[in-house]
Amino acid sequence: MFETLEPKSPDAILKLIAEHQNDARAEKVDLGVGVYRDADGKTPILKTVKKAEHWLVGSQASKAYLGSRGDIVFCDAIEKLLFAEGAEDNSRISTVQTPGGSGALRVAAELVVRANPDAVMWVSDPTWNNHVPLLGEAGVKLRAYPYYDTDSNRILFDAMLEALAAAKEGELILLHGCCHNPTGMDLSVAQWDQLADLVTERGLIPFIDIAYQGFAEGLDEDAYGVRLMYDRVPEMVVTQSCSKNFGLYRDRVGALSFVARDEATAKTVDSQALYVVRTMYSLPPDHGGAVVAHILNDADLREEWLAELAEMRGRMNGMRKLLVEALQKTAPEHDFSHVEHTSGMFCYLGVTPEQVARLKQDRGIYLVDSGRINVCGITEGNVEYLAESIASVLY
Ligand code: LMR
């Protein structure tokens, strides 16, 4: 039977991992997949994660099943992180632990379609390259709203509002909580406020994907959009990931939260979420969630983690600045200043797919075809090589 299947091309981001690994050139640079890298180009395990893992190995008494929700302590900790202290007692919110943010997105999409087989979701153009297949394959009907102008490197906020003004009551709008992937350009506080007005006026349902909380400005600042919508709308969906802010990429730690109109609906949604999980993967992996819960609930470890988060944020901002300065020297006619106004790991460099191919082939520099770079791949040691290579494909 399987001969009926057509071959699929590999995911555009994940394939860069292997391509970079197989490149024998010493000077190669990986600006592709979204993983944090330190000044030595390594993706370290956070010190707080190591400490929590030691604690877990020493104290865990059983590996018995926990259930489809995962760890309730983890779910409560994530609700506090997203919606603020006290949220864990709000009976309108229900949360399930998921295998990473992608797991949360897929479970959410399945539930959306169960609730409404004709559900429409508006997604930014551009958005994370896996959003469209991940949500679309579950049956959600996707529409695009303009988000970013590659000529001016600005958010197309007016065009975004204009497109969303055509959305019908009950349609969902996918928003990136912070650190927009792939552009790194986030809505300002004033823009979030304006958007919240439109969302409430039109009766839209915010679906916020927040995979980088703490990578833009700080935990609370980065949750502005989530908390604003939480205050303003009767129902919303939030998908969350601990891959980046806890560096737990391969351990697959994430969460899906629903805010429902009332307690009774929340209970129903929760029961459906548990059913979907049971029929998809039964229950989530525990290890990473237990580590996160321990860090968030231990005052000292939490403080230490906040410092690690600040360090990662500082390095990303430092590397952005360094690259812009280096490019001012090698490509003075080109304006890269927008790079400094982006948040988190990503930004658009402003190069064409052909230039991306040349960077890869001639220079061993790996980035997504769209020209998205992960600034964590920049180091003091490679920034000049990068700037000189980028200039070489621009002229
Ligand atoms: C990225 O956008 O590079 C990350 O979110 C990793 C992924 O799974 O694509």
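How many aromatic pairs does the rule count in this predicted model? The count comes to 5 aromatic pairs, and one of the views below shows a pair of rings in detail.

**View A. The aromatic pair of Phe83 and Tyr230 in the predicted model.** A pair of aromatic rings is described by the distance of the centres and the angle of the planes. For Phe83 and Tyr230 the ring centres are 4.8 Å apart and the planes meet at 50°, so the pair is classed as tilted. Because Phe83 belongs to helix 3 (residues 72-83) and Tyr230 to helix 9 (residues 224-232), the pair ties together parts that lie 147 residues apart in sequence.

**View B. The loop that holds Ala84, between helix 3 and strand 2 (93-98).** Although Ala84 is not a glycine, this residue has a positive phi of about 95°.

**View C. The salt bridge of Glu19 with Lys360.** The rule gives a count of 13 salt bridges, including the one between Glu19 and Lys360, in which the closest N and O atoms are 2.9 Å apart. Glu19 is part of helix 1 (residues 14-21) whereas Lys360 is part of helix 13 (residues 353-363), so this pair ties together parts that are 341 residues apart in sequence.

**View D. The interface of domain 1 and domain 2.** The protein chain is divided into domain 1 (2-44 + 310-394) and domain 2 (64-285), and 20 residues from domain 1 and 22 residues from domain 2 take part in the contact. The C-alpha centres of the two domains lie 27 Å apart. Between them, domain 1 and domain 2 bury about 1700 Å², with 58% of this area on carbon and sulfur atoms; of the area that domain 1 buries against domain 2, Arg313, Ser343 and Tyr348 supply 33%, more than any other three residues. The rule finds 0 salt bridges across this interface, but it does find 6 residue pairs in polar contact. On the side of domain 1 that touches domain 2, helix 12 (299-330) and strand 11 (346-348) are the elements that give two or more residues, and the residues of this side divide into 10 nonpolar, 7 polar and 3 charged.

**View E. Two cis peptide bonds that lead into prolines, at Pro126 and at Pro182.** The bond from Asp125 to Pro126 is cis, with omega near 5°, and Pro126 lies in the loop between strand 3 (120-125) and helix 5 (131-136). Asn181 and Pro182 are likewise joined by a cis peptide bond, for which omega is about 25°, and Pro182 is placed in the loop between strand 7 (172-176) and helix 7 (189-202).

Definitions and conventions. Residues numbered from 1 in each chain as written. Predicted model: local features only at pLDDT ≥ 70, side-chain atom pairs only at ≥ 80, totals over all residues. Heavy atoms only, no water. Domains from an automatic or database assignment. Contact = heavy atoms within 4.5 Å. Buried area = accessible area lost by both parts, 1.4 Å probe. Salt bridge = Lys/Arg side-chain N within 4 Å of Asp/Glu carboxyl O. Polar contact = N/O pair within 3.5 Å; in protein donor to acceptor, adjacent residues only side chain to side chain. Helix = DSSP H or I, 4+ residues; strand = E, 2+ residues; numbered from the N terminus. Nonpolar A, V, L, I, M, F, W, Y, C, P; charged D, E, K, R; others polar. Phe/Tyr/Trp six-rings, centres within 6.5 Å; stacked < 30°, edge-to-face > 60°.
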